[in-house]
Amino acid sequence: MTEKFEFIDAEYAAYLESGNMHVPSVVKMCRWMKVSRSGFYEWRNAPESATAKRRGIIAVIVRKSFDDSDGTYGYRRVHADLAAWGVPAGPELVRSVMRELGLEPCQPRPWRFSLTEGDGQEHAIPDLVKRDFTASAPGRVMVGDITYIPTWQGWLYLAILWNAPSSQSTESVLRGNPRR
């Protein structure tokens, strides 16, 4: 019943806020949902239950734990925070409160291996061929690239030197160490 009463209350409030002239009355909505009008008003005027009050308090604490973690804690770690703070709450309660609040943890990306070490400053890489890869003769414009490929046995490094006018790879090197 509570879900139906909540639905009627939310719909009636939405209609009033929309400024629509033809707002269905609570009586009509109760009739459509097959609930009593007196039951709806009794539900709406009833004081907040002890469970609802407790969930509201726990929601504030859960939000604080989640925000303190920069949005990375899931329900298990939030539950551990609550236990450390002396707040009695089970993990399933924490999970359902987080769902109600729409809190979804976002884990930071794992550290990725990089071949270059930056100095923290932006550097402009000069475009010496100005994106014009045509050349009058082979060997005049050479393009190169390097990439690394994760394998079960470690990283594999691939370096390619490209002869621009012939569209053929002139040199490719595959090694297990980028420094050799």
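Arg99 and Glu100 are the exposed residues on the face of helix 6 that is turned away from its buried side. That makes a handy way into this structure, which is a predicted model. On the buried side of helix 6, which runs over residues 91-101, sit Leu93, Val94, Val97 and Met98. Looking down the axis of helix 6, these buried residues fall within an arc of 135 degrees, so they line one face of the helix. The spacing fits a general rule: an α-helix has 3.6 residues a turn, so residues three or four places apart point the same way. As for what the buried residues of helix 6 pack against, the partners are helix 4 (50-68) and helix 5 (75-84). Right after helix 6 comes Gly102, with a positive phi of about 75 degrees.

Helix 2 can be read in much the same manner. Spanning residues 26-33, helix 2 has Val26, Met29 and Cys30 buried. These residues cover an arc of only 100 degrees around the axis, and that puts them on the same side of helix 2. Exposed residues Arg31 and Trp32 are carried on the face of helix 2 turned away from the buried side. The cover over the buried residues of helix 2 includes helix 1 (2-18) and helix 3 (37-45).

Next, the backbone. Just after helix 2, Lys34 takes a positive phi of about 60 degrees, even though Lys34 is not a glycine. Lys34 belongs to the loop between helix 2 and helix 3, and with a relative accessibility of 72% it counts as exposed. Asp70 is another non-glycine residue with a positive phi, again of about 60 degrees. Asp70 sits in the loop between helix 4 and helix 5. Its relative accessibility is 68%, so Asp70 counts as exposed, the cut-off being over 50%.

On to the pockets. The largest pocket holds about 210 Å³ of space. Its lining is made up of Thr2, Glu6, Trp43, Ala46, Pro47, Glu48, Ser49 and Ala52. Sorted by class, that lining has 4 nonpolar, 2 polar and 2 charged residues. Some of the lining can be placed against the helices already described: Thr2 and Glu6 fall within the span of helix 1 (2-18), and Trp43 within that of helix 3 (37-45). Ala52, also in the lining, falls within the span of helix 4 (50-68).

One of the lining residues, Ala46, lies in the loop between helix 3 and helix 4. At 42% relative accessibility, Ala46 counts as partly exposed. The C-alpha atom of Ala46 is separated by 27 Å from that of Gly90, and the two residues are 44 apart along the chain.

Finally, the domains. The domain assignment of the protein gives three entries: domain 1 (1-45), domain 2 (50-101) and domain 3 (141-175). Between the centres of domain 2 and domain 3, taken over C-alpha atoms, the separation is 51 Å. Going by these bounds, helix 2 (residues 26-33) lies in the range of domain 1, while helix 6 (residues 91-101) lies in the range of domain 2.

How values were computed
Residues numbered from 1 in each chain as written. Predicted model: local features only at pLDDT ≥ 70, side-chain atom pairs only at ≥ 80, totals over all residues. Heavy atoms only, no water. 1 Å grid on protein atoms, 1.4 Å probe; cavity = no way out; pocket = protein on both sides within 12 Å on 5 of 7 lines; lining within 4 Å. Points joined across faces, edges and corners; volume = space filled by probe spheres on them. Nonpolar A, V, L, I, M, F, W, Y, C, P; charged D, E, K, R; others polar. Domains from an automatic or database assignment. Buried < 20%, exposed > 50% of the residue type's maximum accessible area, 1.4 Å probe, protein only. Helix = DSSP H or I, 4+ residues; strand = E, 2+ residues; numbered from the N terminus. Arc of directions from axis to C-beta. Contact = heavy atoms within 4.5 Å.
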